[in-house]
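Me: I have a model open on my screen and would like to understand the labels attached to its residues. Could you take me through the reasoning behind them?

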Amino acid sequence: MLDLYDEFKSVIAALNDRGIAYAVCGGLAMAVHGLPRATIDMDLLIRVESLDEVLAVARELGYTLPAKPMTFAGGDVEIHRRSKPDPDGGDVVMIDLLLVTPAVDQVWKQREEVVWQEGRLSVVSREGLIALKTLRSSSQDLADIERLKEKADES
């Protein structure tokens, strides 16, 4: 059985070891900002010029099943998904690679580096996470935005 947290640690370690810039976003970024919630994938914001190198890292770690590129925000945000099937069962872990485009350039510039139990971690800021989630505006994103704003009000 694949464990999302173990997979996340492996991906982040590989990116850090190769000096590839990234920023965690999505559900795992919510947890980094003190608002954990269930999630089934890893979301990483990366530069367009890093895509091939990040995909090579993903392949090395077993993320070999591609999906067609996806977009949201009227095509302003492009996502490249790779999945890793569990050889011993039906589990699948996914990595969604969101490309830095003009629509999210400010989010990229405001990313933060934090210390976590495994070393260093680059993550989108709380404001950046709100901006990304506003662009997509799914029901989960809207709920996450409310939680992020409530947490900011408590600070």
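Me: Why is Arg-81 called partly exposed?

Reply: Happy to help! In this predicted model, Arg-81 has a relative accessible area of 22%. Buried means under 20% and exposed means over 50%, so Arg-81 falls in between and is partly exposed.

Me: What makes Arg-81 and Asp-96 a salt bridge?

Reply: The closest N and O atoms of Arg-81 and Asp-96 are 2.6 Å apart, and a salt bridge needs them within 4 Å. The pair links distant parts of the chain, with Arg-81 in strand E5 and Asp-96 in strand E6, 15 residues apart. As for Asp-96, its relative accessible area is 5%, so this residue is buried.

Me: How do you know that Arg-18 and Glu-60 form a salt bridge?

Reply: By the same kind of check: their closest N and O atoms are 2.4 Å apart, against a limit of 4 Å. Here the partners sit in helix H1 and helix H3, 42 residues apart. Glu-60 is exposed because its 55% is over 50%, whereas Arg-18, at 39%, is partly exposed.

Me: What makes Asp-141 count as buried or exposed?

Reply: Asp-141 has 4% relative accessibility, so it counts as buried, the cut-off being under 20%. Asp-141 also forms a salt bridge with Arg-136, the closest N and O atoms being 3.3 Å apart. Both belong to a network of salt bridges that also links Arg-37, Lys-133 and Asp-144.

Me: Why is the pair of Tyr-5 and Trp-116 called edge-to-face?

Reply: Two values settle that one. The ring centres are 6.1 Å apart, and rings pair if their centres lie within 6.5 Å. The planes are at 90 degrees, and planes over 60 degrees apart count as edge-to-face. Tyr-5 lies in helix H1 and Trp-116 in strand E7, so the pair ties together parts that are 111 residues apart in sequence. Trp-116 counts as buried at 17%, while Tyr-5 is partly exposed at 34%. Together with Phe-8, they form one aromatic cluster.

Me: What makes the phi of Ser-137 worth a look?

Reply: Most residues other than glycine have a negative phi. The phi of Ser-137, however, is positive, near 60 degrees. Ser-137 lies in the loop between helix H5 and H6. Ala-73, which is not a glycine either, has a positive phi of about 60 degrees, and its place is in the loop between strand E4 and strand E5.

Note on methods:
Residues numbered from 1 in each chain as written. Predicted model: local features only at pLDDT ≥ 70, side-chain atom pairs only at ≥ 80, totals over all residues. Heavy atoms only, no water. Phe/Tyr/Trp six-rings, centres within 6.5 Å; stacked < 30°, edge-to-face > 60°. Helix = DSSP H or I, 4+ residues; strand = E, 2+ residues; numbered from the N terminus. Buried < 20%, exposed > 50% of the residue type's maximum accessible area, 1.4 Å probe, protein only. Salt bridge = Lys/Arg side-chain N within 4 Å of Asp/Glu carboxyl O.
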